[in-house]
Amino acid sequence: LTLWVPIATHIFLLALYLVPLLQAASVKGEGLEPVFDEGEIYVTNQDTRGNSAFIDLLKHDYWGKYIYGHNSNKSWRPFTVLTFRILKQLLPASLTLSQEVTLNRIINVLVHTSIAELVSIVGTQLFTTDYPIMTRAFIKVLFGVHPSHVEATANGANRPHLIGLLCSLVACDERLNLKFLYFTWLIGLTSCETIVFHVPAVFMTLIMIGIQRKRGGGASALKGNGCKNDERLQLYSLTKRLLPRFVIILGLTMTYILGRFMLGVEAINPGLYRKSQHPFHEFAGVKRVTNFAMV
């Protein structure tokens with residue numbers, strides 16, 4: 001069961017997305033057409049096509065527009081753009097747009113299934129049960145079939161969010177080498193700016209996994225010695241052990257935010273907002289904070 005349950009759930013999640021995806025691609029032999037966002041990435045964005053200078057990946061936003069431009073949405077994601085660029089260079093020139101769309105969506109499915117696997121592993125570290133294999137399978141499938149994940153996975157242009165979450169989950173492993181953690185978080189920041197909102201979740205996950213391991217290990221033995229401050233000492237010891245990881249993640253994140261602020265690329269032109277997505281963008285001050293917090 002330890003081997004076959006994870007494999008079975010992995011195959012199930014792959015089939016859940018790939019079967020309808022490939023079936024749609026084969027309908028009438030016409031293949032898949034890119035949705036609007038994918039068209040911007042696969043057709044008009046010269047950075048992903050490899051028709052621009054490599055340094056332009058740092059100067060342009062995710063859609064290939066000059067990041068200081070009035071029409072830029074400030075989504076600076078050079079690493080994600082690089083993944084599209086490398087793939088385009090590796091693909092044969094005869095590949096059609098429809099085939100490229102299909103291939104990129106398949107890659108998203110593979111990444112999403114890997115994320116589901118990591119979520120299940122984190123889940124078993126947080127919740128101790130008598131049936132860890134089945135708990136892991138349940139968490140994995142529940143995450144994989146969540147309706148809100150469909151667009152992020154099926155739309156190839158939404159890959160930044162998948163890479164960002166993948167990096168956050170990898171960072172939740174306390175055993176991860178600190179140098180590897182540094183580059184993992186750097187990749188996350190240059191893949192999707194919304195990873196900055198993952199920081200509290202990553203910190204709390206690291207702490208809670210550490211606490212759970214202590215409870216399952218020597219915590220009971222210490223408690224038997226009659227020490228009233230055992231839990232406090234354990235938490236202090238855990239925080240001290242995790243401190244280098246907190247410093248790396250928070251340091252890189254604050255440097256990233258400060259850098260964008262200093263360069264003047266932290267705010268989107270209000271004229272680019274869609275009121276259906278940002279109904280409170282005209283609010284300011286306390287009214288803005290209160291309404292966003294309420295939502």
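Val202 is buried in this predicted model, with a relative accessible area of 2%. The residue belongs to helix α11, which covers residues 199-216. Beyond its neighbours within four places in sequence, Val202 is in contact with Ser168, Ala171, Cys172, Trp185 and Ile249. One of these partners, Cys172, is 30 residues away from Val202 in sequence, yet the two C-alpha atoms are 5.8 Å apart in space.

**Overall composition**

The model is a predicted one. The protein has 14 helices and zero strands, and so every element in the order from the N terminus is written as α. Of its 295 residues, 40% count as buried. Among contacts with a separation of 6 or more, 70% are between residues 24 or more positions apart. The protein exposes about 17,100 Å², and carbon and sulfur atoms supply 68% of that area.**The loop between α9 and α10**

Two residues of the loop between α9 and α10 can be described together. Asp173 lies in the loop between α9 (159-171) and α10 (178-189), and Glu174 lies in that loop as well. Is Glu174 buried or exposed? Glu174 counts as buried, at 15% relative accessibility, whereas Asp173 is partly exposed, with a relative accessible area of 26%.

Leaving aside residues up to four places away in sequence, Asp173 touches Leu206 and Arg245. With neighbours within four places left out, Glu174 is in contact with Leu206, Arg213, Arg241, Leu242 and Arg245. Asp173 can also be placed relative to Val122: the two residues are 51 residues apart along the chain, and their C-alpha atoms are separated by 8.4 Å.

**Helix α2 and its surroundings**

Helix α2 contributes five named residues to the interior: Glu38, Gly39, Glu40, Ile41 and Tyr42 are its buried residues. These residues pack against α3 (46-49), α5, α6 (97-126) and α8 (150-154).

Within helix α6 lies Thr113. Thr113 counts as buried, at 1% relative accessibility. Apart from neighbours within four places in sequence, Thr113 is in contact with His10, Leu13 and Leu14.

**Aromatic residues**

The structure holds five aromatic pairs. In one of them, the ring centres of Tyr42 and Phe84 are 5.9 Å apart and the planes stand at 65°, so this pair is edge-to-face. Tyr42 lies in helix α2 (residues 36-44) and Phe84 in helix α5, so the pair ties together parts that are 42 residues apart in sequence. Both Tyr42 and Phe84 are buried.

Another pair consists of Tyr66 and Tyr68, whose ring centres are 5.7 Å apart and whose planes are at 50°, so the pair is tilted. Tyr66 is partly exposed, with a relative accessible area of 47%. Tyr68 is also partly exposed, with a relative accessible area of 44%. A further aromatic ring, that of Tyr62, has a charged partner: Arg77 lies over the face of Tyr62, at 5.0 Å from the ring centre.

**An unusual backbone angle**

Most residues other than glycine have a negative phi. Lys74 is not a glycine, but has a positive phi of about 65°. Where is Lys74 placed? Lys74 is in the loop between α4 (56-59) and α5 (78-90). Its side of the picture is completed by its accessibility: Lys74 is buried, with a relative accessible area of 9%.

**A surface patch close to the start of the chain**

Leu3, Trp4, Ile7 and Ile11 form a nonpolar patch on the surface, and their accessible area together is about 450 Å². Leu3 is found in the segment before α1 (4-26). Leu3 is exposed, with a relative accessible area of 54%.

**Accessibility of selected residues**

The table gathers relative accessible areas for residues discussed above.

| Residue | Relative accessible area | Class |
|---|---|---|
| Thr113 | 1% | buried |
| Val202 | 2% | buried |
| Lys74 | 9% | buried |
| Glu174 | 15% | buried |
| Asp173 | 26% | partly exposed |
| Tyr68 | 44% | partly exposed |
| Tyr66 | 47% | partly exposed |
| Leu3 | 54% | exposed |

How values were computed:
Residues numbered from 1 in each chain as written. Predicted model: local features only at pLDDT ≥ 70, side-chain atom pairs only at ≥ 80, totals over all residues. Heavy atoms only, no water. Helix = DSSP H or I, 4+ residues; strand = E, 2+ residues; numbered from the N terminus. Buried < 20%, exposed > 50% of the residue type's maximum accessible area, 1.4 Å probe, protein only. Contact = heavy atoms within 4.5 Å. Areas by Shrake-Rupley, 256 points an atom, 1.4 Å probe, with all protein chains shown as cover. Phe/Tyr/Trp six-rings, centres within 6.5 Å; stacked < 30°, edge-to-face > 60°. Lys NZ or Arg CZ within 6 Å of the ring centre and 35° of its normal. Patch = residues over 30% accessible without salt bridge, like charges linked within 9 Å, V, L, I, M, F, W, Y side chains within 5 Å. Salt bridge = Lys/Arg side-chain N within 4 Å of Asp/Glu carboxyl O.
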